Amino acid sequence: MTQTMSKNRLEAFSDGVIAIIITIMVLELKPPHSTDAAGLADVLPGWLRYALSFVYVGIYWINHHALLDRVAKVDGAALWANLHLLFWMSLIPYVTAWAGEHPMAPAPVALYGVVLLLCSISFMLLSWRLDIDAGGHAMAWGSRKNRVSIALYALAILLSLWYAPLGAVIHVLLALLWLMPEVGAPRSA
């Protein structure tokens, strides 16, 4: 028999890690070195990348809660799947800072996309694990969107290596995709 526990500890731990992720991201923001518009223009890419990453972390937080609303208990495999997601999410501040400092450079933008791709894959794995725990009811409300996202993240990585702004545009479009509710699906956010 598989040992299970209440989902509350998993939720509380995840909320704490996500709060730390957001705190680290905001602490990485640099103020302008001057008080004029040129100084603000110098730090604007970092602020924009922070805003995008904040939205992504928020999307994961909201969908994580919607996912956990479907289950009462979690097992060891679900705990590991959740840690897998939190690991990739914990790298968001690092890639946010790097891509914010070098918004037109292929490597930072591509690595940002790699982390987003791995967050998406790990969220899908957690969804599948919790679906098994919930009795096998299909969680189709996010699966198609997640599969499309995974394909577009992979495309963004490749495009970023060729021309970084194209990858960044796909990152923004994917965030917007996740902010739009699916037609006919239960509301998760």
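**Helix packing and the nonpolar core in a predicted model**

The secondary structure of this chain comes to seven helices and two strands, where helices (H or I, at least four residues) and strands (E, at least two) are DSSP runs numbered from the N terminus. What we have here is a predicted model, in which local features need pLDDT of at least 70 and side-chain atom pairs count only at pLDDT 80 or more, while totals for chains, interfaces and linings use all residues. Residues are numbered from 1 along each chain as its sequence is written, and side-chain values use heavy atoms, with hydrogens and water left out.

Read from the N terminus, the elements follow the order β-α-α-β-α-α-α-α-α.

Let me turn to the core. The largest nonpolar core, that is, a set of buried Ala, Val, Leu, Ile, Met, Phe, Trp, Tyr and Cys residues joined through side-chain atoms within 4.5 Å, has 39 residues; buried here means under 20% relative accessible area, with a 1.4 Å probe and protein chains only. Among the residues with the most contacts inside this core are Tyr56, Val57, Met89 and Ile92, and the largest share of the core, nine residues, comes from α5.

Val57 deserves a closer look: leaving aside its neighbours within four places in sequence, Val57 is in contact (heavy atoms within 4.5 Å) with Ile18, Ile21, Ile22, Met25, Met89 and Ile92.

Over the chain as a whole, buried residues make up 41% of the 189 residues, and of the contacts between residues at least 6 apart in sequence, 81% join residues at least 24 apart.

How values were computed
Buried means under 20% relative accessible area, exposed over 50%, partly exposed in between (1.4 Å probe, protein chains only).
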